[in-house]
Amino acid sequence: MHIPDGFLDGKTIAATGALAAGGVAVALRQVRRQLPPRKVPLLGLAAAFIFAAQMLNFPVAGGTSGHLVGGVLAAVLLGPGAAVVVLTAVLIVQCFLFADGGVTALGANIFNMGVVGGVGGYAIYRVVRRVFTGTRGLVMAAAFAAWCATALSAISCAGQLAFSGTVVWSVAFPAMVNVHLLIGLGEALITALVIVAIARARPALLAATPEEDTSLGYEPVLLFGLLISLGLALFVAPFASSWPDGLEKVAERLGFAEHAADPVLGAPIPDYAVPGISTAGMATALAGLIGTVVVFGLAFVLARVLVPKSAPETS
Amino acid sequence: MRPDFFDRHSRLDSPIHRLPASVKLAAALVMVLGLVMVTAERWPAFVVAGVLLLGVAVASRIPPGFLVKRLLWLEPFVLGVAFLALFQPDGGRVFAVLVTRSTLCLFTMILLSSTTPFADLLDVLRRVRVPALLITTLALMYRYLFVLVAEAERMRRARASRTFTSRRAQLWKSLGTVIGQLFVRSTERAERIYAAMCARGWR
């Protein structure tokens, strides 16, 4: 999901840059206030860890492979503020050292994966965690949040591509989101497996985090919430109301409706045969909604399978 | 992968390498921003930029094979996003412009990273008042990046040499364990680093 240089126009670069700078500033402030000095090196090591974890590919169906993004994993292990700092560092190094993800798209990438994925995913994690407790609840909440974060980042990314006038929304939204609804399943499974492995090897690492994070004051929550809603209002809202018309026009002209359906194979709703809904955009949104319910159930089952009943309580 | 694959040539000696890092960073940013602003009608600008970049590449004395390999390695990411542009009115033209523009931007950034050591870039970022906490994080990350990648690779090899299964479920599970272990080791390493930093008078 790293956007390269050349895909965003001037106004999008400025807007995403401002949003990302705001997000990183809020995160740095929160980390400086809450992180004890002895944990400062951990930020750098965690960034190197996320980077190394992203280099380990896992097999997906059909010979292709995927890798972890790690936004929710970092947020669960270190807290949301630290996760934004860590992901920002990862993206800066990938941009300047590896030319992976553009400089002009750095703001967009930090906003999508760090702020929307990390903080937005963490918010979902906390909500689920409130209802489902214990190690099983932890694993389930992290898996579900990882899936949601992947989808949310993809929606934000599609919005930026459309806002730049690079790819029309009616193409970008279904293609990006459907692919990432699938990729999100891998992200959720790996996040769950990693957390189970850490819970088994060093439960103290998981137990230590919640108590440090509950003191996340109202101010960062408010500011992060404001930034995310501002970004979504800017990049996604203008298109969300108008997608059926635009898509119908394009579909008629190019007859691509069948092409666009390709990436959805194996997604929660394999074809767009949802009664009464004919456009890919609407069907994608609906597939997303149904997928959310299904993945929530899957995460619940996954946690029951992975964590034995007698597992030690971590929090 | 060799640990220094990406910025192996950043410490060569050439007129380009000798330029101050701040100049190179500013020039690369101007180049990329300029390329982003160029519209399809003014396509000769792409040719000018291409010639300019080739000139820099020749002057920097970086082996051309290395540059081409890096470019080809990153091109799939560009094509992946540009591919979406094909499914819209006038998609072919948009696709061509996007790929040309992005490839030139990629080339600019590859030249920057292969002529400037990362530590020098960090120094420039510090001088333009990027917060110290972020700089510390970046510096430590760069230092331990290759250590952790090598460690992960070692753990994976150790695991592969002791198990005979290639079942997918097993692969996923062992990957989860490797990444989990990597995090545990990273936190332990961070604690040792903190002790070492304090012993040397940090803060």
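**Reading a predicted two-chain model**

User: How many residues does each chain bring to the contact between chain A and chain B?

Analyst: This is a predicted model. The contact takes 65 residues from chain A and 64 residues from chain B.

User: Which elements of chain A supply at least two residues each to the side that touches chain B?

Analyst: They are α1 (10-34), α2 (40-55), β1 (58-59), α4 (80-98), α7 (169-201), α11 (243-254) and α12 (257-261). Of these, α2(A) gives the most, with 14 residues.

User: How do the residues on that side of chain A divide by class?

Analyst: There are 50 nonpolar, nine polar and six charged residues on the side of chain A that touches chain B.

User: Now chain B. How many helices and strands does its secondary structure come to?

Analyst: Eight helices and zero strands. From the N terminus on, the run is α-α-α-α-α-α-α-α.

User: Is chain B a compact globule or more spread out?

Analyst: Compare its radius of gyration with the globule rule. For 203 residues the rule gives 17 Å; chain B has 21 Å, well over that value, so it is more spread out than a compact globule. Its C-alpha atoms fill a box of roughly 55 × 50 × 30 Å along the principal axes. Buried residues make up 33% of the chain B residues.

User: What share of the contacts in chain B with a separation of 6 or more is between residues 24 or more positions apart?

Analyst: In chain B, that share is 77%.

User: How do I read a pair of packed helices?

Analyst: Two packed helices are described by the angle between their axes and the distance between the axes. Take α1(A) and α5(A), residues 106-131. Their axes come within 7 Å and cross at roughly 45°. Angles from 35 to 65 degrees count as oblique, and α1(A) and α5(A) are therefore oblique to each other. Their crossing is left-handed.

User: Which residues meet there?

Analyst: From α1(A), they include A:I13, A:T16, A:G17 and A:L19. From α5(A), they include A:G107, A:A108, A:I110 and A:F111. By class, this contact has eight nonpolar, five polar and no charged residues.

User: Let me try one residue. Is A:G231 buried or exposed?

Analyst: Count the C-beta atoms around it. The cut-off for buried is 20 or more others within 10 Å. A:G231 has 25, so it is buried. A:G231 is found in α9(A), residues 218-235.

User: Which residues does A:G231 touch, leaving out those up to four places away in sequence?

Analyst: A:G231 touches A:L19, A:F111, A:V116 and A:S156. Both A:L19 in α1(A) and A:F111 in α5(A) also take part in the helix contact above. A:G231 and A:G159 are 72 residues apart in sequence and 9.4 Å apart in space, C-alpha to C-alpha.

Note on methods
Residues are numbered from 1 along each chain as its sequence is written. Chains are lettered from A and ligands numbered from 1 in the order in which they are written. This is a predicted model: local features need pLDDT of at least 70, side-chain atom pairs count only at pLDDT 80 or more; totals for chains, interfaces and linings use all residues. Two residues are in contact if their C-beta atoms, placed from the backbone, lie within 7 Å. Helices (H or I, at least four residues) and strands (E, at least two) are DSSP runs, numbered from the N terminus. Ala, Val, Leu, Ile, Met, Phe, Trp, Tyr, Cys and Pro count as nonpolar, Asp, Glu, Lys and Arg as charged, and the others, Gly among them, as polar. The radius of gyration is taken over C-alpha atoms; the globule rule is 2.2 Å times the number of residues to the power 0.38. A residue is buried if 20 or more other C-beta atoms lie within 10 Å of its own, exposed if 12 or fewer, and partly exposed in between; C-beta atoms are placed from the backbone. Axes are lines fitted to C-alpha atoms, for helices over the stretch in contact, and angles run from 0 to 180 degrees between N-to-C directions. Angles under 35 degrees count as roughly parallel, over 145 as roughly antiparallel, 65 to 115 as roughly perpendicular and the rest as oblique. A crossing is left-handed if the near helix is turned anticlockwise from the far one by less than a right angle, and right-handed if clockwise.
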